[in-house]
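Work through the exercises below with the sequence and the model open. Each task is followed by a solution in steps.

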Amino acid sequence: MSLAPPPSAPDVARDLAALRVRLASCDEAATLRPLGLGGLLLGAGVLDRIAEVVAEVRRGDGDVALIADARAMDSTRGEVKTRVTAALAAAGLPVRRVRVGDENADVHADALTLRRAVKACSGAGVVLSVGSGTVADVGKAVSAQLGRVPHVVVQTAASVNGFADDQSVLLVNGVKHTTPTRWPERLVIDSDVITRAPVELNRAGFGDLLATYTAPADWRLAQLVGQDDSYSAFAVELARAHVDAVLEHADGIHRAEPEAIEHLGAALTLSGIAMGVAGRTAPGSGMEHTVSHLLEMAERPGVPAPLHGAKVGALSVLAAMLWARVRTVARCGGLRMLRFPSERELEPQVRAAFAQLDPSGRVGEACWADYRIKLERWHDARAELETLWERWPAFDSELERLLVSPERLVEALRAARAPVRLTQLGVRDSTARWALAHGHLMRDRFSVADLAFFMGIWDSAGVDALLVAAARLGAGL
Ligand SMILES: [Zn+2]
């Protein structure tokens, strides 16, 4: 008797009905949110069905507002937006084109861009976003703001995991915020289009996915230390189950092989769905993302910024290394002398960390407002934390299943020809050290960097030591 092979990522992602059944019957069913993505089309040539998909969800006889940036995107049969517009026109669906961003296709999901897009899409029967992450984020926000007008996303690169969820990364007063918006009704991922996208975009999606090897451990840790009880084994499993297969195809991503690209697209979709049903980014965003946010805050206008996923990929190696360090120190008794610094001690540290970035002090103020919540919870849990070392061995064996070695991540990045070192991405040495040392001071989210800090091993000397070890792997700076 032979057993059927387990379903592949593309098979799982295409069958959302089966996924809904699993979601409804999992242990955390009562706390997870419904999967709001209506349908996924994934594979070679699925873009041919765009008119049918749009007609299916269209509200009344409103026209189609096609949101895209100025970038030309290649497919087997012509430029993607032109092809989509022609297909809709041939099916009798009127289209208005809504361009976001400038003539160089530089687009930011800021307040002005959103306001303009909402106005330009007003009265449409469907919003159709064609593009990469930021364009889809704008589309999700427009759909939410226009009274839940149906939204179809045509994904043109496997660049991030944020297509298949109800959250948008929006720029608010110059700072990126993950903001609740709306699930798209349909997501269309044509591998003929994705294989023709610039390879660095697909490599960035691969980098973003590597966070699923570190972030879930941070989320579980937050639960262990009494910071956040929202951990969901189901969401983690969904985000993680197919990433190993993507790593096995890493070289194929570099070569734009359809099978590798389909696995990548599907795994990113499942990771997005995991974040959507969890109602938070925690299944795919931990320490590597907080440090990446600090790097983004330090980016200068007018200087081309590295891709989000490229930074996350390189930083996930460092997060995995810090996890390894924390586990070693914990095994040697490092949890018996946890620190409980006072607000009076930490407030000036948090403010000073962001003073150079924003001399007005507003960023420091906002970070302190968030950080003090985390600090307060840390103090509130003091009695249990003083015996954390007793519960650690059981937790440590759980970590075996959540983490992988830094070497494995370096090997994967190399196979995909993705950047391994931050300086390859143009990040300055001093900026990288600052972001690593202060990432945990920005938010109330608890990560391995917080535990390391309270263990007394995450200060500038700790950062230096980690970077020396990273250099031995060809990673870090
Ligand atoms: Zn990300």
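**Exercise 1. Domains**

Task: State how far apart the C-alpha centres of domain 1 and domain 2 lie.

Solution. Step 1: take the bounds, which come from an automatic or database domain assignment; they are 9-197 for domain 1 and 287-472 for domain 2. Step 2: the C-alpha centres of the two domains are 33 Å apart. Two notes apply to all exercises. The model is predicted, so local features need pLDDT of at least 70 and side-chain atom pairs count only at pLDDT 80 or more, while totals for chains, interfaces and linings use all residues. Residues are numbered from 1 along each chain as its sequence is written, and side-chain values use heavy atoms, with hydrogens and water left out.

**Exercise 2. The sheet**

Task: Give the strand order of the six-stranded open sheet and find its edges.

Solution. Step 1: strands (E, at least two residues) and helices (H or I, at least four) are DSSP runs numbered from the N terminus, and two strands pair if DSSP finds at least two bridges between them. Step 2: the order is β1-β10-β7-β6-β2-β5, with parallel pairing. Step 3: β1 (39-43) and β5 are the edges; each has a single partner strand, so one side of each lacks a neighbour in the sheet. Step 4: from one strand to the next, the twist averages 15°.

**Exercise 3. Strand β2**

Task: Decide which strands pair with β2, and whether the residues of β2 are buried or exposed.

Solution. Step 1: β2 is joined to β5 (residues 95-99) by five bridges, in parallel. Within this pairing I67 has V98 as its bridge partner, and L66 stands opposite R97. Step 2: β2 also pairs in the parallel sense with β6 (residues 126-131), over four bridges; here A65 is partnered by V127. Step 3: buried means under 20% relative accessible area and exposed over 50%, with partly exposed in between (1.4 Å probe, protein chains only). Five of the five residues of β2 (64-68) are buried, so the strand is largely enclosed by the rest of the structure. Step 4: both faces are covered, with V64, L66 and A68 on one side and A65 and I67 on the other.

**Exercise 4. Helices on the sheet**

Task: List the strands that helices α3 and α5 lie across or touch.

Solution. Step 1: contact means heavy atoms within 4.5 Å. Angles run from 0 to 180 degrees between N-to-C directions, and axes are lines fitted to C-alpha atoms, for helices over the stretch in contact. Step 2: α3 (residues 50-57) lies across β1, β2, β6, β7 (151-155) and β10 (186-190), at about 155° to β7. Step 3: α5 (residues 111-121) touches β2, β5 and β6, and its direction makes about 170° with that of β5.

**Exercise 5. The zinc ion**

Task: Which residues coordinate the zinc ion?

Solution. Step 1: donors are N, O and S atoms within 2.8 Å of the metal (3.2 Å for Na, K and Ca); water is not among the atoms, so sites may look incomplete. Step 2: the donors are D208 (OD), H289 (NE2) and H308 (NE2), at 2.1 to 2.2 Å. Step 3: their spacing along the chain is D-x80-H-x18-H. Step 4: D208 is in helix α8 (residues 199-209) and H289 in helix α14 (residues 287-297), so this pair ties together parts 81 residues apart in sequence. Both D208 and H289 are buried.
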